[in-house]
Each structure stands twice: as C-alpha cells, then as structure tokens.
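Morning, everyone. Take a look at the structure on the screen, and I'll walk you through it.

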Amino acid sequence: IAENDLSRTSKPIDRWGGQVCPTYPCGEVTLTVPPMAVDEGRNIGLTVAVTAGQPAAGVAVPVQGSIALRVSSIVAFEPHNTSFSRPAFIAMVYDEAAAEDPNFQLAFFRKPDPLSVGWRRQAEGTFESGVAILPSDHLSLYFVGIVPKDAPFVP
C-alpha cells in the first residue's frame with residue numbers, strides 16, 4: 001500500500017454488488033461482490049483492512065498459529081462471518097520471489113475472527129503472476145502463504 005493510500009476502507013454494498021479496496025486504483029487487495037450475492041433489500045457496510053503489511057521483498061515470514069510462511073499482507077474483511085448467497089472474490093498481491101521455492105506450494109489461509117486460535121488452510125484459490133484469487137462466501141481474516149508440498153492438507 002502506497003503512503004497516501006488507506007490501510008482500511010469501508011463501502012456499502014447492496015444487491016448490485018461492488019468492489020471494496022483500500023487503494024485507488026484497486027491494487028494490493030480487492031473484495032469483489034457480484035450482483036445478487038447480497039439479498040434484495042439488504043445493504044451491508046463492508047470493510048477491508050490491512051492488519052499486517054506485506055513482508056520485506058523476497059522474504060516469507062512465520063505466522064503465529066499457522067504452519068505457513070506468509071508472503072502477503074494479512075487482511076481483515078469485515079464484518080467477520082458475513083455470508084453471501086453466492087461467492088465474493090478476494091484478490092491479493094503476494095511476493096512471487098518469496099514463494100518460488102520448489103519445495104513449497106501457495107495456499108490461502110483463513111481465520112474466522114481475530115479472537116479464534118489458528119489459521120485454516122483453504123482448498124481453493126488460484127495463484128498467477130503475483131495475484132492470488134479466492135472465491136469466498138464468508139468474510140474473515142486472510143493471508144497468502146507457502147507450505148511444504150508434502151505437508152498434509154488440514155482445513
């Protein structure tokens with residue numbers, strides 16, 4: 001996030017959907033809610049907040065409560081546990097250099113709320129050219145990390 005960008009932003013979203021991102025133009029992180037993901041007559045104030053910035057270039061850092069090494073910011077999508085009738089899309093920038101070890105693989109990690117213990121590895125997600133995209137029907141805390149390829153998948 002550039003010096004003049006916000007680390008936290010909020011926006012009302014209704015049945016027509018929309019994008020929420022703390023940068024202009026959207027960059028490091030974006031939440032895209034498709035049309036009809038929010039029930040008709042409902043209006044949700046969604047917030048995207050970077051709670052821990054991007055690690056230093058080329059460095060993957062440990063995360064308390066996770067087997068992963070983090071290669072992106074940790075981002076809170078709020079209100080926590082808000083659900084949608086169809087998936088929203090979380091897009092986050094990650095450090096390709098920090099993730100290039102051939103013995104590791106990329107994955108999204110989710111923490112249901114700030115007070116819960118541990119991070120849950122997500123089964124879905126695409127990773128290409130430094131951008132990770134995850135369809136999600138629940139809001140919470142997320143980061144992109146790397147785990148050993150031989151690590152068992154534990155959701």
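**The annotated span**

Start with residues 13-104. Their end C-alpha atoms sit 37 Å apart. The span is 42% strand and 0% helix. Keep in mind that this is a predicted model. The label for this stretch comes from UniProt: an unreviewed entry places the feature "domain: ZU5" at residues 13-104.

**The disulfide**

How many disulfides does the structure hold? One. Cys21 is joined to Cys26, with an S to S distance of 1.9 Å. Which hand does it have? The torsion about the S-S bond of Cys21 and Cys26 is about -60°, so the disulfide is left-handed.

Now the accessibility of the two partners. Cys21 has 15% relative accessibility, and the buried class ends at 20%, so Cys21 counts as buried. Cys26 comes out at 35%, so Cys26 counts as partly exposed.

**Backbone points to check**

Go to the loop between β7, residues 74-78, and β8, residues 83-93. Pro79 is in that loop. The peptide bond from Glu78 to Pro79 is cis, with omega near 0°.

Asn81 is also in the loop between β7 and β8. Asn81 is not a glycine, yet its phi is positive, about 70°. Buried or exposed? Neither: at 41% relative accessibility, Asn81 counts as partly exposed.

Next, Ser129. This residue lies in the loop between β11, residues 126-128, and β12, residues 131-138. Ser129 is another residue other than glycine with a positive phi, here near 55°. Its relative accessible area is 59%, over the 50% cut-off, so Ser129 is exposed.

**The nonpolar cores**

On to the inside. Nonpolar side chains tend to be buried together in soluble globular proteins. What is in the largest nonpolar core here? It has 28 residues. Those with the most contacts inside it are Leu31, Val33, Leu46, Phe77, Phe84, Met92 and Phe108. Several strands feed this core: β3 (29-33), β4 (44-52), β7, β8, β12 and β13 (141-148) each supply at least two residues.

Zoom in on Phe77. Which residues does Phe77 touch, leaving out those up to four places away in sequence? Val29, Leu31, Thr47, Val48, Ile90, Leu139, Ser140 and Tyr142.

There is another core, apart from the largest one. It has 11 residues, including Ala68, Ile74, Ala107 and Trp119.

**To wrap up**

Three things to look at again on screen. The left-handed disulfide of Cys21 and Cys26. The cis peptide bond from Glu78 to Pro79. And the 28-residue core, with Phe77 among its residues with the most contacts. Over to you.

Conventions
Residues numbered from 1 in each chain as written. Predicted model: local features only at pLDDT ≥ 70, side-chain atom pairs only at ≥ 80, totals over all residues. Heavy atoms only, no water. UniProt positions renumbered as here; feature names shortened; annotations may be inferred. Helix = DSSP H or I, 4+ residues; strand = E, 2+ residues; numbered from the N terminus. Disulfide = S-S within 2.5 Å. Buried < 20%, exposed > 50% of the residue type's maximum accessible area, 1.4 Å probe, protein only. Core = buried A, V, L, I, M, F, W, Y, C linked by side-chain atoms within 4.5 Å. Contact = heavy atoms within 4.5 Å.
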